Amino acid sequence: MNRMLRIELRRSAALGAALILLLTGAIVCYATPGRWSSSWMALVMIEREYLVLLFPLALAAGAWQGRRESRAGLAELIESTPRPRPQRVLPLLGALGITVAGGYLAVLAVTAPWIAGTARYLPAAAFAVVAVGVLAVVAAAWLGLAVGRRWPAG
């Protein structure tokens with residue numbers, strides 16, 4: 001499974017999706033540092049607010065990957081392999097989910113040093129807010145993948 005995941009990371013659009021999420025999130029966060037530079041909770045809440053931008057990007061990345069496979073006729077080739085469906089689909093879902101989650105978390109990692117010296121109290125609720133954001137972008141990418149695969153190739 002580890003080998004298949006590495007292959008999917010190389011051949012899919014997952015790394016590009018993570019990079020787009022990181023760049024968009026970091027640019028938007030650094031454009032308004034006064035809104036989140038006071039505390040950790042303000043930072044994670046602003047990042048959650050910017051899901052309005054990151055969610056559609058993750059959805060589009062998943063849809064693009066699904067359309068690419070559909071357009072290339074890859075679905076018929078993959079379905080002809082004698083493996084169970086979950087074993088064929090899980091590497092792509094894993095690669096897309098890991099990279100999109102990593103892109104979302106990387107926005108936090110890029111902005112955290114800005115306030116690390118001044119913000120002292122890190123509430124446990126901040127971790128819950130980040131976890132919900134990660135789940136949202138992963139769900140968006142997977143939903144986009146499903147939509148892209150069902151879209152007629154034309």
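1. pLDDT is the predictor's confidence in each residue, on a scale from 0 to 100. The present structure is a predicted model, and its chain has a mean pLDDT of 85. Of the residues in the chain, 90% reach 70 or more.

2. Confidence varies along the chain. Helix α7 (residues 124-150) has the highest value, with a mean of 93, whereas helix α5 (residues 74-79) has the lowest, with a mean of 63. Statements about helix α5 should be read with this value of 63 in mind.

3. The record should be compared with the model. The unreviewed UniProt entry places the feature "transmembrane region" at residues 41-64, 89-115 and 121-145. In the model, residues 41-64 are 96% helix and 0% strand, and the end C-alpha atoms of this span lie 34 Å apart. Residues 89-115 are 100% helix and 0% strand, with 40 Å between the end C-alpha atoms.

4. The aromatic side chains deserve attention. The count of aromatic pairs comes to 3. In one pair, Tyr30 and Trp114 are tilted, with 5.3 Å from centre to centre and 50 degrees between the planes. Tyr30 belongs to helix α2 (residues 14-31) and Trp114 to helix α6 (residues 85-115), so this pair ties together parts that are 84 residues apart in sequence. Tyr30 and Trp114 also belong to one aromatic cluster, together with Trp36.

5. Are Tyr30 and Trp114 buried or exposed? Buried would require under 20% relative accessible area, and exposed over 50%. Tyr30, at 31%, is therefore partly exposed. Trp114, at 45% relative accessibility, likewise counts as partly exposed.

Key
Residues are numbered from 1 along each chain as its sequence is written. This is a predicted model: local features need pLDDT of at least 70, side-chain atom pairs count only at pLDDT 80 or more; totals for chains, interfaces and linings use all residues. Side-chain values use heavy atoms; hydrogens and water are left out. Helices (H or I, at least four residues) and strands (E, at least two) are DSSP runs, numbered from the N terminus. Rings of Phe, Tyr and Trp (its six-membered ring) pair if their centres lie within 6.5 Å; planes under 30 degrees apart count as stacked, over 60 as edge-to-face and the rest as tilted. Buried means under 20% relative accessible area, exposed over 50%, partly exposed in between (1.4 Å probe, protein chains only). UniProt positions are given in the numbering used here, feature names are shortened, and annotations may be inferred rather than shown by experiment.
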